[in-house]
Amino acid sequence: MRQFARPKVALSQCLGSTACRWNGAAIDDPFVRRLAAHVDFLPVCPEMAIGLGAPRAPLRVVDDGSGPRLLQPATGLDHTRAMVEFCQNHLAGLTAVDGFLLKDRSPSCGPHGVRIYAGPQKGASSRQGGGFFGLMAQQTHPRAAIETEGRLRNFTLREHFLTKLFTLAAFGQVAASERLSALVEFQAANKLLLMAYNQQAMRALGRVVAAGRDADWPTLTAQYANVLQQALARQASRANHQNALQHAMGWFKKDLTGPEKAHFLDLLAKYRAGKAPLAVLQALVAGWAIRHQNSYLAGQSYLRPYPEDLLDLGDSGKGRDF
């Protein structure tokens with residue numbers, strides 16, 4: 001059984017059932033509850049941190065062309081300076097964070113999808129952008145896995161977030177080990193996953209590792225981390241997943257019966273058409289690896305990229321995409 005590293009995840013405090021929302025409410029998010037067993041949460045509520053109580057008058061991001069400000073229309077107060085200073089100081093202290101799970105559309109926490117108003121008055125026009133903490137988190141921690149609880153109701157977005165989060169945490173353990181052999185093992189164990197995400201980056205990472213004996217450890221791990229971020233920056237396409245799965249099947253071409261191959265190819269076609277989940281194919285390959293004692297494939301992170309009890313094929317129905 002694969003042993004997973006515990007990622008460190010900055011969490012909007014209201015998502016952890018703390019009553020700190022503007023209306024004094026807390027959010028009991030089922031995904032956050034499940035995730036809590038596998039990660040170390042670093043809760044933060046930027047609005048409470050700058051001295052605003054709960055409940056409090058709502059805030060809004062306003063940009064009339066002179067730059068974003070964080071205003072509280074009901075009181076007429078401008079909290080921009082306090083918020084910027086808090087975000088800068090707090091994010092500077094998060095030196096080993098693997099991900100952020102932030103409140104959707106929050107004027108402070110939201111990394112995207114936040115309403116940016118043209119003015120503080122009712123009826124002012126708006127566009128979408130990022131809240132103060134969410135936007136700065138993306139700027140200061142560009143390698144981290146960053147999402148909102150709203151978007152993670154979509155299965156495909158959730159799968160990508162979890163895959164990236166646990167891969168980054170595993171790499172963090174490798175970097176802390178200061179052992180080249182650990183990096184070689186990490187590269188080998190993630191070959192299929194990297195093949196599914198970005199083959200060009202996979203090859204580039206291989207070259208970084210191959211040159212590792214001639215580089216000092218901080219330089220080597222920094223180079224690897226930069227390319228790893230490029231590899232995981234976007235969701236893997238179905239075509240790339242299909243290629244990785246067919247590559248895995250090739251390891252068993254002499255072991256599988258005709259009906260077994262036909263069943264796998266039928267499932268693969270259904271996956272490509274959006275009618276079957278990726279997890280079914282991954283589990284099938286993992287089963288073959290166990291039955292045929294293929295230790296290389298059994299050790300591939302791609303077949304189990306994150307803890308199994310976080311796998312939930314349900315989603316909001318919006319943008320459903322296996």
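Trainee: Is R105 buried or exposed in this model?

Mentor: The model is a predicted one, and within it R105 has a relative accessible area of 58%, which is over the 50% mark, so the residue counts as exposed. R105 is found in the loop between strand 6 (99–102) and strand 7, and its C-alpha lies 8.3 Å from that of T148, although the two residues are 43 apart in sequence.

Trainee: Which strands form the open sheet, and in what order should I read them?

Mentor: The sheet has five strands in the order 5-4-3-7-8, with mixed pairing. Its edges are strand 5 (77–78) and strand 8 (126–129), each of which pairs on one side only. As a general idea to keep in mind while looking at such strands, side chains in a regular strand alternate between the two faces of the sheet.

Trainee: Where does the parallel part of the mixed pairing show up, and which residues stand opposite each other there?

Mentor: Strand 3 (residues 60–62) and strand 7 (residues 114–117) run parallel and are joined by two bridges, with V61 standing opposite I116 of strand 7. Between residues of these two strands there is also a contact of another kind, since R60 lies over the face of Y117, at 3.6 Å from the ring centre.

Trainee: What is the sense of pairing between strand 3 and strand 4, and what lies in the turn?

Mentor: Strand 3 pairs with strand 4 (residues 69–72) in the antiparallel sense over three bridges, and V62 has R69 as its bridge partner in strand 4. The two strands form a hairpin with six residues between them, and G65 in the turn has a positive phi of about 110 degrees. Strand 4 then pairs with strand 5, again antiparallel, over two bridges, and here Q72 stands opposite L77. This hairpin has four residues between its strands, with G76 in the turn at a positive phi of about 75 degrees.

Trainee: Which residues other than glycine have a positive phi, and where are they?

Mentor: The background is that most residues other than glycine have a negative phi, and most peptide bonds are trans. In this structure E178 has a positive phi near 55 degrees and is found in the loop between helix 5 and helix 6; Q293 likewise has a positive phi near 55 degrees, in the loop between helix 12 and helix 13. E178 is exposed at a relative accessible area of 59%, and Q293 is exposed at 72%. As for peptide bonds, the one from A54 to P55 is cis, with omega near 5 degrees, and P55 has its place in the loop between helix 2 (46–49) and strand 3.

Trainee: How many aromatic pairs does a search of the whole structure find, and how should I read the pair of W251 and Y296?

Mentor: The search finds eight aromatic pairs. For W251 and Y296 the ring centres are 4.9 Å apart and the planes are at 25 degrees, so the pair is stacked, the cut-off being under 30 degrees. W251 lies in the loop between helix 10 (238–249) and helix 11 (258–272), whereas Y296 is in helix 13 (residues 295–298), so the pair ties together parts that are 45 residues apart in sequence. Both residues are partly exposed, W251 at 40% relative accessibility and Y296 at 29%. Elsewhere, F171, F186 and Y224 form one aromatic cluster.

Trainee: How many disulfides are there, and why is C14 not bonded to C20?

Mentor: The count comes to zero disulfides. The sulfur of C14 is 5.1 Å from that of C20, its closest cysteine sulfur, which is too far for a bond because a disulfide needs the two sulfur atoms within 2.5 Å. C109 is in no disulfide either, its nearest cysteine sulfur, that of C45, being 6.4 Å away. Both cysteines are buried, C14 with a relative accessible area of 9% and C109 with one of 5%.

Trainee: Which residues and elements line the largest pocket?

Mentor: The largest pocket holds about 990 Å³ of space, and of its 47 lining residues the closest to the centre are R2, Q300, S301, R304 and P305. The elements that give two or more residues to the lining are helix 5 (155–177), helix 6 (180–189), helix 7 (191–197), helix 10 and helix 12 (278–291).

Note on methods:
Residues numbered from 1 in each chain as written. Predicted model: local features only at pLDDT ≥ 70, side-chain atom pairs only at ≥ 80, totals over all residues. Heavy atoms only, no water. Pairing = 2+ DSSP bridges. Phe/Tyr/Trp six-rings, centres within 6.5 Å; stacked < 30°, edge-to-face > 60°. Buried < 20%, exposed > 50% of the residue type's maximum accessible area, 1.4 Å probe, protein only. Lys NZ or Arg CZ within 6 Å of the ring centre and 35° of its normal. 1 Å grid on protein atoms, 1.4 Å probe; cavity = no way out; pocket = protein on both sides within 12 Å on 5 of 7 lines; lining within 4 Å. Points joined across faces, edges and corners; volume = space filled by probe spheres on them.
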